Amino acid sequence: MDKKEYLSFWANSYKNDLTKIIMPFWMEHGWDQKNGGVYTCVNRDGSLMDSTKSVWFQGRFAFVCAYAYNHVEKNQQWLDAAASTLEFIEKHCFDEQGHMYFSVTAEGTPLRKRRYVFSETFAAIAMSEYALATGDRKYAKRALEIFSDAVRFLNTPGFLPAKFEPVVNLQSHSIVMILINVGACLRKVCDDSRLTQQIDESIDKLQKYFMHPEFKALLESVGPNGEFVDTNATRVINPGHCIETSWFLLEEARHRGWDKKLTDMALTIFNWSWDWGWDKQYGGIINFVDCKNLPPQDYSQDMKFWWPQCETIISSLYAYLATGDDEYLYRHRQISEWTYAHFPDAEFGEWYGYLHRDGTVAQPAKGNLYKGPFHIPRMMVKSYELCNEILKTL
């Protein structure tokens, strides 16, 4: 492999796909220029199937628009879409306590609220990235306010309804890992020690509680002190989530001058998760596995979703940047070739989201309340940057 040729090819591909296929698709079919915000429930050709708006994606879309503007191309349309969506968020997506909804109507009437603070995390990174794009400090301040509220909600007993009865006492990997990324995003525009403190707390929890060397796995759910709980639900390994965590950690390790302990932790998680997730028969990263190799409970366990592939592309490049180990560039080639052979829709643009294990399309819609303009464009922006950074070292 000619590394310079290989990385130059992918850098150009990421930029071209982002600017000519992915962003134009969502500018045309997703951005709601009448009400503000973004629609994500669109069919294969981009036609609207449901005008319900995912509040997760209001923040995610605004983030991606500003992120692409900051790191790939100063496209004013993207910045305008981000501004429009942030305005929609502020007008319609918070309750009187500052807790965000999960879904709203096209006009912004609340439909559903859930027990999570993921809407808050996405709104916070959107505000911070827009502040970086515009230099408007009020968005940096607002990002920190939303982050602070989310942490307060998590730490206030009884504020967020319990998922289970009191006899069940578990910790979840999801919120721990996402707060690493939120802290890192906000830290670019907010000088506040709480952000690094939150990152440190999350790293500590991941190492103490969620990493289980006896299974060579990072588990999704554990007991209050990291205990392994032997049930179907708590034996779950989500390779995509774990691999996403690994690049969040590598990014933080890089911020700390490639801190060796943190880099090793991130690579361990990536290596474990690749071994669990990579489908040796068909290729691609599968959804769920059981840490005891028992049959997983989730019906989608062996499907191939769009986002784990995206996270693996980023992680393999970050791991190569960190180590120079050709194994990680080989993994990048494996995951990239499989992903690009199966997910992009050459006729209508964008990517399919849901494939069967063998790579055939399970359903052709381009979006819903969970899939939209986030993982794919974020991967393209981040990977474009990483390829160019690696090229500088060769």
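A search of the whole structure finds 27 aromatic pairs, where rings of Phe, Tyr and Trp (its six-membered ring) are paired if their centres lie within 6.5 Å, with planes under 30 degrees apart counted as stacked, over 60 as edge-to-face and the rest as tilted. In one of these pairs, the ring centres of Phe9 and Trp10 are 5.2 Å apart and the planes stand at 80 degrees, so the arrangement is edge-to-face. The model examined here is a predicted one, in which local features need pLDDT of at least 70 and side-chain atom pairs count only at pLDDT 80 or more, while totals for chains, interfaces and linings use all residues. Residues are numbered from 1 along each chain as its sequence is written, and side-chain values use heavy atoms, with hydrogens and water left out.

The two partners in the Phe9 pair can also be described by their accessibility, for which buried means under 20% relative accessible area, exposed over 50% and partly exposed in between (1.4 Å probe, protein chains only). Phe9 is partly exposed at 48%, whereas Trp10 is buried at 8%. A second edge-to-face pair is formed by Tyr130 and Tyr139, with 4.7 Å from centre to centre and 75 degrees between the planes. Here Tyr130 is buried, with a relative accessibility of 11%, and Tyr139 is buried too, at 18%.

Aromatic residues also gather into a cluster made up of Trp56, Phe63, Tyr67, Phe102, Tyr116, Phe118, Phe122, Tyr370 and Phe374. Phe102, one of the cluster members, has Arg114 over its face, at 4.9 Å from the ring centre. Such a charge is taken to sit over a ring if NZ of Lys or CZ of Arg is within 6 Å of the ring centre and within 35 degrees of the ring normal. The charged end of Arg60 likewise sits over the ring of Phe57, 4.9 Å from the centre of that ring.

Turning to charged pairs, the structure holds 28 salt bridges, each being a side-chain nitrogen of Lys or Arg within 4 Å of a carboxyl oxygen of Asp or Glu. Arg142 takes part in a salt bridge with Glu90, at 2.7 Å from N to O. Because Arg142 lies in helix 5 and Glu90 in helix 3 (residues 76–92), this pair ties together parts that are 52 residues apart in sequence. Helices (H or I, at least four residues) and strands (E, at least two) are DSSP runs, numbered from the N terminus. Arg142 is buried, with a relative accessible area of 18%, while Glu90 is partly exposed at 36%.

Arg142 also forms a salt bridge with Glu145, the closest N and O atoms being 3.3 Å apart. Glu145 and Arg142 are three residues apart in helix 5, so about one helical turn separates them. The relative accessible area of Glu145 is 33%, which makes this residue partly exposed. In helix 11 (residues 326–342), Glu337 and Arg333 are four residues apart, about one turn of the helix, and their side chains meet in a salt bridge of 3.0 Å, N to O. Both ends of this bridge are partly exposed, Glu337 at 47% and Arg333 at 35%. Elsewhere, Arg44, Asp345, Glu347 and Lys366 are joined into one network by salt bridges that share partners.

Two valines offer a contrast in setting. Val167 is found in the loop between helix 5 (137–155) and strand 4 (171–172) and is exposed, at 77% relative accessibility. Together with Phe164, Val168 and Leu170, Val167 forms a nonpolar patch on the surface with about 370 Å² of accessible area. Patches are made of residues with over 30% relative accessible area and no salt bridge, like charges being joined within 9 Å and nonpolar side chains (Val, Leu, Ile, Met, Phe, Trp, Tyr) within 5 Å; accessible areas come from the Shrake-Rupley method with a 1.4 Å probe, and for residues only the protein chains shown count as cover. Val117, in the loop between strand 3 (110–112) and helix 4 (118–134), is buried at 3%. The C-alpha atoms of Val117 and Ile146 are separated by 9.9 Å, with these positions 29 residues apart along the chain counted as their spacing.

Finally, with a disulfide taken as a pair of cysteine sulfur atoms within 2.5 Å, the count comes to zero. For Cys65, the nearest cysteine sulfur is that of Cys185, 15 Å away, and Cys65 is buried at 0% relative accessible area. The sulfur of Cys93 is 14 Å from the closest cysteine sulfur, in Cys41, too far for a bond. Cys93 is also buried, with a relative accessible area of 0%.
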